[in-house]
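These are my notebook entries on a structure that I looked up region by region. I begin with a single loop and then turn to the wider arrangement.

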Number of protein chains: 2
Amino acid sequence: MAQVIMDKRDVEFVLHEQLEVEKLAKNERFAEFTKKTVDLIISEARNLAVKEMLPALKISDEEGCKLENGTVKVPEPFYRIYELFKEGEWISLCDDPKWGGQGMPTTISMAVKNYFHGANFPFTLAILLSHGAGKLVERFGTEKQKNLFLKKMYTGEWSGTMLLTEPQAGSDVGALTTSAVKNADGTYSITGNKIFISSGEHNMVENIIHPVLARIEGAPAGTSGISLFLVPKIRVNDDGSLGAPNDVVCTGIEEKMGIHGSPTCSITLGGKGQCIGTLLGEENKGMRAMFVMMNEARLDVGMQALGCASASFQNALNYARERVQGRHLQAGGKDAPSVPIIQHPDVRRMLLNMKAITEGSRSILYFIGFCEDMIRISNDPAEKIKYQGLIDLLIPIAKGYVSDRAFEVCSQGVQVFGGYGYTKEYPQEQYLRDCKITHIYEGTNGIQAADLLGRKLGLNKGQPFRDLLAEIRSTIDAAQKVKGLENLAEKTQTAAAELEKTAGIIGAMAASDKAMTAFSHAYEFMDVTGDMVMAWMLLWRAVVAAQKLQAGAKGKDAVFYEGQIASARFFTSTVLPISLGKMNVITAGDSTVIDIAEDAFGGK
Amino acid sequence: MAQVIMDKRDVEFVLHEQLEVEKLAKNERFAEFTKKTVDLIISEARNLAVKEMLPALKISDEEGCKLENGTVKVPEPFYRIYELFKEGEWISLCDDPKWGGQGMPTTISMAVKNYFHGANFPFTLAILLSHGAGKLVERFGTEKQKNLFLKKMYTGEWSGTMLLTEPQAGSDVGALTTSAVKNADGTYSITGNKIFISSGEHNMVENIIHPVLARIEGAPAGTSGISLFLVPKIRVNDDGSLGAPNDVVCTGIEEKMGIHGSPTCSITLGGKGQCIGTLLGEENKGMRAMFVMMNEARLDVGMQALGCASASFQNALNYARERVQGRHLQAGGKDAPSVPIIQHPDVRRMLLNMKAITEGSRSILYFIGFCEDMIRISNDPAEKIKYQGLIDLLIPIAKGYVSDRAFEVCSQGVQVFGGYGYTKEYPQEQYLRDCKITHIYEGTNGIQAADLLGRKLGLNKGQPFRDLLAEIRSTIDAAQKVKGLENLAEKTQTAAAELEKTAGIIGAMAASDKAMTAFSHAYEFMDVTGDMVMAWMLLWRAVVAAQKLQAGAKGKDAVFYEGQIASARFFTSTVLPISLGKMNVITAGDSTVIDIAEDAFGGK
């Protein structure tokens, strides 16, 4: 049967053949996650995704959310799906069972999330944010806060959000002005206006727990004066029962380009002076707490983008196999019958690009999950540091680069359908609209690029970047030994050497008085680093596939493995040469972007 | 005052300084179009665009079109704007005054259209199609058809469309099945179902004239058996008065990603056997007639894309100058106040890219108009052939390449606004949605790429391509003599030499048994040819600007000219090196896209 969200076989390939997750089960912590269990989990997730979530995607786009009498109604099918998530315990996949989590390896959870996001990311977004909020409580909460809130959040009885952005404080969080004044009982009275709060208000649950960034009276300006508070929508009594409403008011929801199923709320805190919160973590250390959550949030955004791209690709592939239009370019002559459009060169180009990008992105994201698991099970502090470094380095790639490529895939996904792709008769145009948000929230992609160049490249004196290159080179070494992959290995090696040189040059420039110029090339640097990571993942896949072919894989398996080698060959021969061009741009370090006078942009 | 659709100064620059349109007025045909007249026309167009059309853009997106009782209601403000178009005689700008046209040079009409499309392209689309339909009548109609229809179409009393696509015949027009049976009186009875008909039905006018592609009973299969018919919505009596309805029924309108103001209609012809049409031109030569119109239609699509990009850029520029967020990267230190985001390197990068692309695209499109004018006024047959060749060659660039780059600009236009860009509070997301259609209709961009490689590159044994390179080199020669531009000239020269080589290789491949592989790289070839044309236009602009600076330009003019040189420098240093990488991809001629087995795409 044609796949509709993503290629089941590919998910299994990454889990079992590329990352070999069953090895994780050798560790006591993950002992119960044998291959059989893993396959069962993935199969259940897939069922939920295909049968319940996917059919609700278009409905949610059309219905949208409605603010009525202070509460937000989400699209009708979401209420049922939410209950299924609670029942199936799909909200806190990797967390401590003590608090209601499933204790699952993160790698496995990546595959689960991949299905959920591919089926209905506007819904899944709400779940993620709930989980992220819970994580903050788990990491920074007092025992009392944990006992009152955590299990209810992890099990989905209550949901959670994140109140960060203010009208004048978007990318610049340090500019926020929401204030907190300490009360005699140790709680804080919070006052301020927050915007762009995903699922900030809705009636799928009876209480919503808001972590809120605010400034305690007299705190320093900027990010070093920001504290984190826990602010429930309905106050919670010490025995866990619900008290009075907490003066947290949803004042509006945004009309948006896409993700209509996800309510983006404006929230006023303490409009009547009655909003009470408790400090979460230490005073003035709110930003540090946020940074802890940022990796997970950004990885999730990459997963949302991949979800859109992957579903768009499967639809395009299915359509291209069925839609008959035009004759074959070379076979059959002028009177030959028309052929399915998958036989046309440019359609194949788009499909193979979509295939390679979605496959490579899947591997990047799952690999980051795998690094998380290695940290959790490793007893070697150096190894833990290495994997954390790789995660930190790869996060801007997983968010910024992957979402950029995913959007291109979604755009091609419309193209394959021609005029039909632009209509709402098919989901292609929704994937493109929904996907666009992934360029923006949790730090715009420009901020991801700046993060990669400004923070991550030089992290621990560049050790994570060297570790990444070492990982890449170890795959290249393996590929050089596989018949048929030598040429791919060589091209990847050339690109890796150029990337190393490029990183050295732009890194030095960023630390010099030419920092502005360096940062004007940060985006290109994210692009080429991403291309390199993508090439690595595809080569890694090709190595595994070639080995299986040599070991005698037959039938459908053999075809799948040949498809893996084709993806790697395509990317290596049609993307890496362009990356080399981009690296030339970076190393030349042209400063026109910085030099041009502000008025010379024109338009006045 | 901040510009909202496009930079007025830039429009003037292209018309008067780059293309020197006042020289056209030396020709008797265009004698009345002095600089003063031209400026007046542009100023009037701009007024109409800014005051009437732009305010209706968002309304039209929200209201959309409605099919009620067989007729389509367009967004409310469109009725008034349509009347203003009729009164102001904005519909047939360049056509023969005998039939109600304005006899304007095409170059000038480009600037007019640029404003109209930038302000409200869903509305303007209807006007264009009307004009295109009229053009078919002018070119192929009998005197009787012209007398009955043409003036009413050119003046807007009636409108026109184009009935081409059928559900099973999209990109493959030859597969259409709408039939025509000759009646005793020489008319034809038409029967069939057409889809994706822009403005196929609406009530802004009392009659709509549909050119219809159909197959006469017994005609050959494929494109060589297609004829063109003129089918009015309401029959027209010989005295020009309206008769009975003509059995042309709008059966539905599409729900689309964007251009909600433009009704995309499904139309049933002869459902009751009562649809009567007259042959337009010769039997079985309908496709040839369509091809005549295709250049204009595709050029218009490029203009629509530029309209979106240009407006998105101006908005982004204005926003970036006002939105204060974050500190300057190098100046002022940690406690410095926040700055407008135009001071951040990555925002500047986006803005300069948007600037260069919109400026270069403007020059490409206006230049094609200029070529039209040269054909109209030249007495030298060789010159006419040369300019026609340049037009034919540049059309896939103007449609495919320009719309691709425009979509990227619109995407960056959302990014500059951050989270706000994703909301409907600002027009940025609409420009992105509207722009996407330009990749698809009038031949998908994949078809443009195939057209460039398969038809245009080898046209007249490659003469147009050689002429293009000669034009580019003459600009390079000029640039080499201008102080400060030597380096830009050199880089452009390198790219031109590589493009010539690349064209030779892919052209030969396309004519060999590796045609499938060649066409799998057709898109990249369109990309690099487009980059080259863009680089040429920007260098041309820079030469003009540098000369004016050397001649002592001062104040605002000097700043503008410096901005021109900055655009060229930016493009030359950050895009051309990437083009060289793409050329390497093409010349390497990897065949993975063709070789991969259909099943190996996966998903089954």
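Entry 1, backbone outliers. I located A:Asp247 in the loop between β9 (242-245) and β10 (248-253) of chain A; strands (E, at least two residues) and helices (H or I, at least four) are DSSP runs, numbered from the N terminus. I note that this is a predicted model, in which local features need pLDDT of at least 70, side-chain atom pairs count only at pLDDT 80 or more, and totals for chains, interfaces and linings use all residues. Residues are numbered from 1 along each chain as its sequence is written, while chains are lettered from A and ligands numbered from 1 in the order in which they are written.

A:Asp247 has a positive phi of about 60 degrees although it is not a glycine. Most residues other than glycine have a negative phi. I then asked whether A:Asp247 is buried or exposed. A:Asp247 is buried, because 20 other C-beta atoms lie within 10 Å; the cut-offs are 20 or more for buried, 12 or fewer for exposed and partly exposed in between, with C-beta atoms placed from the backbone.

In chain B, I found B:Asn69 in the loop between β1 (66-68) and β2 (71-73). B:Asn69 also is not a glycine and has a positive phi, of about 50 degrees. B:Asn69 is exposed, with 5 other C-beta atoms within 10 Å.

Entry 2, confidence. The mean pLDDT (the predictor's confidence in each residue, from 0 to 100) of chain A is 96, and 100% of its residues reach 70 or more. For the complex, the predictor gives an ipTM of 0.97 and a pTM of 0.98.

Entry 3, interface. I recorded 86 residues of chain B in contact (C-beta atoms, placed from the backbone, within 7 Å) with 86 residues of chain A. Helix α16 (residues 555-574) of chain B gives the most to that side of chain B, with nine residues.

Entry 4, α16 of chain A. The 20 residues of helix α16 (residues 555-574) of chain A should span 28 Å at 1.5 Å a residue, and the end C-alpha atoms are 28 Å apart, which agrees; the expected span is 1.5 Å times one less than the number of residues. Of the 20 residues of α16(A), 15 are buried.

Entry 5, A:Leu539. Leaving aside neighbours within four places in sequence, I listed the contacts of A:Leu539, among them A:Ile476, A:Leu488 and A:Ala568.

Technical notes. Contact = placed C-beta atoms within 7 Å.
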